[in-house]
Amino acid sequence: MAIRQIRTLGDESLTKVCKPVKEMNPHTHQLINDMFDTMYDGGGCGLAAPQVGVRKQIFVMDVEDGNRYVLINPQILSTEGSQTGLEGCLSVPGKNGQVTRAEKVRVRALNESMEEYELEGEGLLARCILHEYDHLQGKLYVDLVEGELLDADAGEEEQ
Ligand code: ZN
């Protein structure tokens, strides 16, 4: 178990477009394990590689639906509907804000074995997919917040 340092707002690794992963190797496998450890330690439901300073198209999620998701080189296939709700980010500690996202999203990605799969998310899972996908494009939710960035109550989900 290894917890990596989470980069926060202002760190340039959060504003770079990430590179596709070409092959799985022990180094990347370790990165993914560390990302889960770091996400659980921070109390988040998602974490993207650039948040630990790695410019690779990888994110992990656990929205407490019984699954641990690994998405490598993800592509958004379609989105549907909209939802507006509070969103936070482990890279912007202690804050959250209202963000409108699609209610449903369909994404294609590689899993940890570099096998292609598709995932359909709704509600929180859709929000999390879109939030983490943005990280891989060097984008942060703070640019999507409607109104003010708020002070978060302790214990709220962060991504
Ligand atoms: Zn985030």
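**Entry 1, the five-stranded sheet.** I began with the sheet in this predicted model that is built from five strands, and I traced it as an open, antiparallel arrangement in the order 1-2-3-6-7. At its edges I found strand 1 (46-48) and strand 7 (116-122), each of which has a single partner strand, so one side of each is left without a neighbour in the sheet. I then looked up the angle between neighbouring strands here, which comes to 40 degrees on average when direction is ignored.

**Entry 2, strands 2 and 3, and helix 1.** I followed the antiparallel pair formed by strand 2 (residues 58-61) and strand 3 (residues 69-80), and noted four bridges joining them. Within this pair I located Val 60, which stands opposite Val 70 of strand 3. I next turned to helix 1 (residues 26-42), which packs on this sheet and touches strand 1, strand 2 and strand 3, with its direction at about 40 degrees to that of strand 2.

**Entry 3, the three-stranded sheet.** I went on to an open sheet of three strands, ordered 4-5-8 and paired antiparallel. Strand 4 (83-88) and strand 8 (146-151) take the edge positions with a single partner strand each, and therefore one side of each has no neighbour in the sheet. For neighbouring strands of this sheet I noted an average turn of 30 degrees against each other, direction ignored.

**Entry 4, strands 4 and 5, and helix 2.** I looked up how strand 4 is held to strand 5 (residues 95-101), and found six bridges between these antiparallel strands; Gly 85 has Val 99 in strand 5 as its bridge partner. Finally I checked helix 2 (residues 124-136), which lies across strand 4 and strand 5 and runs at about 55 degrees to strand 4.

Notes
Residues numbered from 1 in each chain as written. Predicted model: local features only at pLDDT ≥ 70, side-chain atom pairs only at ≥ 80, totals over all residues. Heavy atoms only, no water. Pairing = 2+ DSSP bridges. Axes fitted to C-alpha atoms, helices over the stretch in contact; angles between N-to-C directions. Contact = heavy atoms within 4.5 Å.
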